[in-house]
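Reader: I should like to learn how to read a small structural model feature by feature. May we begin once the structure is in view?

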Amino acid sequence: MTDWKAGGETYLPTLAAAEDRYAIPRDLLARMSFEECSWRPEVIDYSVKSSAGAIGIMQLIPRFFPAAG
């Protein structure tokens, strides 16, 4: 297992299923998620926001993605 996957085991199957379903290149969503949250639980569960107000595993900004908030 590569280092960027460590800590994301809970989320990797769901991200892989979305990649398969929507023909997204393998590991793209997982790598993007890792870059945005580093698999930190406090980021994923919305306990902390970025300075721009981004939240969650992919660090979405709710005003652009209302379903994220």
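Reader: Which residues are exposed on the other side of α1, away from its buried residues?

Author: Please note at the outset that this is a predicted model. In general, an α-helix has 3.6 residues a turn, so residues three or four places apart point the same way. In this case, Pro13, Thr14 and Arg21 are the exposed residues on the other side of α1. The buried residues of this helix, which runs over residues 12-21, are Leu12, Leu15, Ala16 and Glu19. Those buried residues lie on the same side of α1 because the arc they cover around the axis is only 100°.

Reader: What covers the buried residues of α1?

Author: The cover includes α2, which spans residues 28-37. The chain just after α1 also deserves attention, for alanine 23 takes a positive phi of about 55° there.

Reader: How should α2 be read, and which of its residues are buried?

Author: The approach is that used for the preceding helix. In α2, the buried residues are Leu29, Ala30, Ser33 and Cys37. They line one face of the helix, since they fall within an arc of 100° when seen down the axis of α2. The partners against which these buried residues pack are α1 and α3, the latter comprising residues 41-44.

Reader: Serine 33 has a polar side chain. Is serine 33 buried or exposed?

Author: The relative accessible area of serine 33 is 0%, so this residue is buried. Serine 33 belongs to helix α2. When neighbours within four places in sequence are left aside, serine 33 is in contact with Leu15, Ser38, Trp39, Ile57 and Met58.

Reader: What are the contacts of cysteine 37, read in that manner?

Author: With its neighbours within four places in sequence left aside, cysteine 37 is in contact with Val43, Ile44, Gly56 and Ile57.

Reader: Which residues make up the largest nonpolar core?

Author: The largest nonpolar core has 10 residues, namely Trp4, Leu12, Leu15, Leu29, Ala30, Cys37, Trp39, Val43, Ile44 and Ile57. At least two residues of this core come from each of α1, α2 and α3. The helix that gives the most to the core is α2, with 3 residues.

Reader: Where does serine 38 lie?

Author: Serine 38 lies in the loop between α2 and α3. Just after α2, this serine 38 takes a positive phi of about 50°. Its relative accessibility is 42%, so serine 38 counts as partly exposed. Sequence separation and spatial separation should be read side by side here: serine 38 and glycine 7 are 31 residues apart in sequence, while their C-alpha atoms are 8.2 Å apart in space.

Reader: How many aromatic pairs does a search of the whole structure find?

Author: As a general idea, a pair of aromatic rings is described by the distance of the centres and the angle of the planes. A search of the whole structure finds 2 aromatic pairs. Tyrosine 11 and tryptophan 39 form a stacked pair, at 5.9 Å centre to centre and with 10° between the planes. Because tyrosine 11 lies in the segment before α1 and tryptophan 39 in the loop between α2 and α3, the pair ties together parts that are 28 residues apart in sequence. Phenylalanine 34 and tryptophan 39 form a tilted pair, at 6.3 Å centre to centre and with 45° between the planes. Ring pairs thus link Tyr11, Phe34 and Trp39 into a cluster.

Reader: What is the relative accessible area of tryptophan 39?

Author: The value for tryptophan 39 is 5%, so this residue is buried. Phenylalanine 34, with a relative accessible area of 22%, is partly exposed. Tyrosine 11 also counts as partly exposed, at 26% relative accessibility.

Reader: Let us turn to the whole protein. How many helices and strands does its secondary structure contain?

Author: The secondary structure comes to 3 helices and 0 strands. Along the sequence, the pattern reads α-α-α. The radius of gyration is 12 Å, close to the 11 Å that the globule rule gives for 69 residues, so the protein is as compact as a globular protein of that length. The C-alpha trace spans about 30 × 25 × 15 Å along its principal axes.

Reader: What share of the residues counts as buried?

Author: Of the 69 residues, 29% count as buried. The protein exposes about 4800 Å², and carbon and sulfur atoms supply 57% of that area. As for contacts between residues at least 6 apart in sequence, 24% join residues at least 24 apart.

Note on methods
Residues are numbered from 1 along each chain as its sequence is written. This is a predicted model: local features need pLDDT of at least 70, side-chain atom pairs count only at pLDDT 80 or more; totals for chains, interfaces and linings use all residues. Side-chain values use heavy atoms; hydrogens and water are left out. Buried means under 20% relative accessible area, exposed over 50%, partly exposed in between (1.4 Å probe, protein chains only). Helices (H or I, at least four residues) and strands (E, at least two) are DSSP runs, numbered from the N terminus. The arc is that of the directions from the helix axis to the C-beta atoms. Contact means heavy atoms within 4.5 Å. A nonpolar core is a set of buried Ala, Val, Leu, Ile, Met, Phe, Trp, Tyr and Cys residues joined through side-chain atoms within 4.5 Å. The radius of gyration is taken over C-alpha atoms; the globule rule is 2.2 Å times the number of residues to the power 0.38. Accessible areas come from the Shrake-Rupley method with a 1.4 Å probe; for residues, only the protein chains shown count as cover. Rings of Phe, Tyr and Trp (its six-membered ring) pair if their centres lie within 6.5 Å; planes under 30 degrees apart count as stacked, over 60 as edge-to-face and the rest as tilted.
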